[in-house]
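Student: I would like to learn how to read a few features from a model. Please take me through them in turn.

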Amino acid sequence: MPRQKGLFKIEGSIDGVTFYRNAEGHFVRMAGGVSKARIMNDSAFARTRENISEFGNNAKAAKLLRDAMGALVKNAKDSRTSNRLMQLFNKVKNLDTVSPRGQRKISIALEDPVAKNFLQKFDFNKRAQLSNVLRRTFDLDPSAGTFAINAFVPAQDLLKPEGATHATVIYAALGLDFDTAESDLVQALPVNFALDNVPQELSLSLDLPDTLPSVFQLLLIEFFQEVNTVQYPLNNGTFNVLNILNVS
């Protein structure tokens with residue numbers, strides 16, 4: 001896609017050319033195209049209508065996941081989280097090998113283990129990925145709902161951002177039904193600690209939601225700066241980690 005250069009950037013359409021801006025910069029594209037009425041009625045655009053339908057369903061599913069996670073995702077995301085999640089959901093949708101084109105569902109696709117693998121290890125904040133921030137292996141038992149790190153040393157085992165004095169680890173499980181939009185979010189008791197060299201046993205457990213078809217196990221790491229005994233979120237969550245540990 002052509003990118004605008006120069007001192008002055010413009011937005012809008014001129015002589016059939018559209019100038020626009022997104023999170024990655026300023027771009028140029030040709031304006032116009034086929035009318036909406038023709039796309040929605042002409043048999044020549046049957047495939048296009050199917051793609052539009054599935055894109056809309058995927059967008060709803062991705063939004064449902066984000067909304068059901070509540071404050072977890074609000075505290076750890078980047079400007080393109082929604083777009084990156086949509087890209088994954090578009091891949092997942094293709095693994096529904098039962099429904100006709102235009103009606104493929106995320107819920108059916110997630111019955112395939114490959115679809116679950118697409119979503120596992122997804123980082124909602126690309127600027128703070130779990131594999132970069134957490135420098136230790138961890139023990140996750142998805143069936144039991146436990147997360148643990150033995151002899152955890154915060155100052156050594158976490159890549160802390162400048163100014164951070166404390167961190168909180170939250171282990172959560174989200175039960176979700178993509179067809180009915182029903183959800184159930186449960187969390188282990190958060191663990192807050194100073195970013196020092198004192199070893200500790202990091203152990204979190206929860207009761208897994210067992211009445212909904214899909215369960216997403218999540219890990220959130222939040223960083224804080226303590227001033228006069230009060231811990232303040234560091235840089236509005238820019239360095240916080242939120243990762244999908246497991247999908248079942």
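The dialogue below covers cores, a sheet and salt bridges.

Tutor: This is a predicted model, in which local features need pLDDT of at least 70 and side-chain atom pairs count only at pLDDT 80 or more, while totals for chains, interfaces and linings use all residues. Residues are numbered from 1 along each chain as its sequence is written, and side-chain values use heavy atoms, with hydrogens and water left out.

Student: How many residues does the largest nonpolar core have?

Tutor: In soluble globular proteins, nonpolar side chains tend to be buried together. A nonpolar core is a set of buried Ala, Val, Leu, Ile, Met, Phe, Trp, Tyr and Cys residues joined through side-chain atoms within 4.5 Å; buried means under 20% relative accessible area, exposed over 50%, and partly exposed in between (1.4 Å probe, protein chains only). Here the largest such core has 32 residues, and M69, F89, F178, F216 and L242 have the most contacts inside it. Elements giving two or more residues to this core include α2 (46-69), α4 (81-93) and β10 (214-227). Helices (H or I, at least four residues) and strands (E, at least two) are DSSP runs, numbered from the N terminus. The most comes from α2, with six residues. Another core, of 27 residues, lies apart from it and has L130, A173, L195 and L245 among its members.

Student: Which residues is L242 in contact with, neighbours within four places in sequence aside?

Tutor: Contact means heavy atoms within 4.5 Å. For L242 the partners include M69, L72, F122 and L218.

Student: What is the strand order in the open sheet of three strands?

Tutor: Two strands pair if DSSP finds at least two bridges between them. The order is β4-β5-β9, with antiparallel pairing. The edge strands, β4 (139-141) and β9 (200-205), each pair on one side only. Between β4 and β5 (residues 146-152) there are three bridges, and D139 has A148 in β5 as its bridge partner.

Student: Which residues are joined into one network by salt bridges that share partners?

Tutor: Side chains of opposite charge can pair when their charged atoms come close. A salt bridge is a side-chain nitrogen of Lys or Arg within 4 Å of a carboxyl oxygen of Asp or Glu. The count here is seven. E50 bridges R47 at 2.5 Å, N to O; the two are three residues apart in helix α2, about one helical turn. E50 also bridges R101, with the closest N and O atoms 2.8 Å apart. R101 lies in the loop between α4 and α5, so this pair ties together parts that are 51 residues apart in sequence. The network is therefore R47, E50 and R101.

Student: Is E50 buried or exposed?

Tutor: E50 counts as buried, at 15% relative accessibility, whereas R47 is partly exposed at 46% and R101 is partly exposed at 41%.
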